Amino acid sequence: MNLHATYQTVCRTLGTERVRRNVPLAPYTTMKLGGPADLYYEAGSAEELSASVKLARTLGVPFFLLGCGANVVVGDRGFRGLVIRNMARHIHVDGTRITAESGTIVYPDLIETAVQAGLSGLEHYVGIPSTVGGALWQNLHFLAPPPKRERTMFIEEVLAEATVLTESNVIREVGLDYFKFGYDYSILHVCDDIVLSAVFNLFPASEAYMRSVMHANLTWRALRHPPLDSEPSVGSIFKKIEGIGAGRLIDECGLKGASYGDITVTHRHANIMINQGAGRAADLQGLIEYVRDYVARETGYRLETEIDFVGEFDPPTTGNPVYHPRPAGLVTAEELAARRKASMTQ
Ligand SMILES: Cc1cc2nc3c(=O)[nH]c(=O)nc-3n(C[C@H](O)[C@H](O)[C@H](O)COP(=O)(O)OP(=O)(O)OC[C@H]3O[C@@H](n4cnc5c(N)ncnc54)[C@H](O)[C@@H]3O)c2cc1C
């Protein structure tokens, strides 16, 4: 079957009114960049998700499963094949267990459900853009609550089990061990299994306690992260380097403000690049390479990206970046902390 006929079969099987052609993907990613998908389908339940993935596999149509698009960069030329946006969002509470379909939005939907049911364990991940599927793909993580913030907490700590569609199209119940979780890692990075739903095992706690953790974490994030609605980003670009910090290396190299086109290393946080309007994936890839080479030359550390690149890309931008000055009035979290410390010792 040629491509045209295969695409027609996809449209006919999933519903011609449900499958859209040539759909720009930028609005469906947090970085707000990237070209169109040949075919675009929104799966509204675990059954629809499973059926659409099976269909693409059977027909040999390349497909990509999109959650909130918070950890992916789509190429400027878009995606040849079917993009399935996961909107399977049913949630069910049973005692201390919550079952959520994999397209459930972690915050507010899942976390608010848990908090209102008096169940603790998920509130730490407040404010992070993610579906349940994306959270398991990446082992969503954040710092333990204040005042200690002594360790990183991972979503694996409250995961009981999950239902997956294996790469051979079998539906399977899997336990925690299946995922082989690590930092920014799960088995889903290296196999084509799809999470259909997940069960979280939580524990009773007072709503006041959970709200205080959420408030503290949202405040922490607001001080360090660019606001997604006005400064779109894909979160941290480079993986953490234990005890050193990728952002600190980039900052020490004086790379804050470096820009290709509308993509800039933000002055708020050196490990985050923002799209200032008409950003292109070629500019983002180029800037990533520029920063990586510069840091390697100056410090000897080789930075590794923690994001997923999807679709077809133009050649990355090269050359010397333009440097944007720091916006007037911007105060970073580190500076705020230093000011507070100084005022306490006066
Ligand atoms: C402003 C900002 C702040 C962030 N802060 C944090 C943070 O504090 N901690 C943290 O851990 N992360 C953070 N991130 C990264 C991001 O939020 C997480 O990686 C998130 O889990 C991505 O989920 P998603 O639904 O957007 O997945 P997507 O980006 O849509 O997809 C990511 C990958 O997961 C795969 N995938 C999605 N759903 C499934 C499924 N059901 N089954 C199998 N594979 C699937 C996709 O195919 C893709 O390969 C941040 C990102 C942003 C933009």
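Strand 6 (residues 91-94) and strand 7 (residues 97-101) run antiparallel and are joined by four bridges, where strands, like helices, are DSSP runs numbered from the N terminus (E, at least two residues, for strands; H or I, at least four, for helices), and two strands count as paired if DSSP finds at least two bridges between them. Within this pair I91 stands opposite A100 of strand 7, and the two strands form a hairpin with two residues between them, in whose turn G95 has a positive phi of about 65 degrees. The model is a predicted one, in which local features need pLDDT of at least 70 and side-chain atom pairs count only at pLDDT 80 or more, whereas totals for chains, interfaces and linings use all residues. Residues are numbered from 1 along each chain as its sequence is written.

The hairpin belongs to an open sheet of five strands in the order 6-7-13-11-12, with antiparallel pairing. Strand 6 and strand 12 stand at the edges with a single partner strand each, so one side of each is left without a neighbour in the sheet. Neighbouring strands of this sheet are turned by 15 degrees against each other on average, direction ignored; axes are lines fitted to C-alpha atoms, for helices over the stretch in contact, and angles run from 0 to 180 degrees between N-to-C directions. Strand 7 pairs with strand 13 in the antiparallel sense over five bridges, and A100 stands opposite A198 there. Strand 13 is in turn joined by six bridges to strand 11 (residues 159-165), again antiparallel, with V199 as the bridge partner of E161. Strand 11 also pairs over five bridges with strand 12 (residues 171-175), and this hairpin has five residues between its strands, with N169 in the turn showing a positive phi of about 65 degrees.

A further open sheet has four strands in the order 1-2-5-3, with mixed pairing. Its edge strands are strand 1 (20-24) and strand 3, each of which pairs on one side only, and the twist averages 40 degrees from one strand to the next. Strand 2 (residues 36-43) and strand 5 (residues 79-86) pair in the parallel sense over six bridges, with E42 opposite R85.

Helix 2 (residues 46-59) packs on the four-strand sheet, touching strand 2, strand 3 and strand 5, and its direction makes about 165 degrees with that of strand 5; contact here requires C-beta atoms, placed from the backbone, to lie within 7 Å. Helix 2 also lies across strand 7, strand 11, strand 12 and strand 13, running at about 150 degrees to strand 13. The axes of helix 1 (residues 3-14) and helix 2 come within 11 Å and cross at roughly 155 degrees. T6, T9, V10, T13 and L14 in helix 1 meet S52, L55 and L59 in helix 2.

Around the ligand stand 32 residues, of which G67, C68, G133, G134 and G235 come nearest, a residue being near if its C-beta atom, placed from the backbone, lies within 6 Å. Among the elements that give two or more residues to this shell are strand 9 (141-143) and strand 15 (233-236), while helix 4 gives the most, with five residues.

Key
Two residues are in contact if their C-beta atoms, placed from the backbone, lie within 7 Å.
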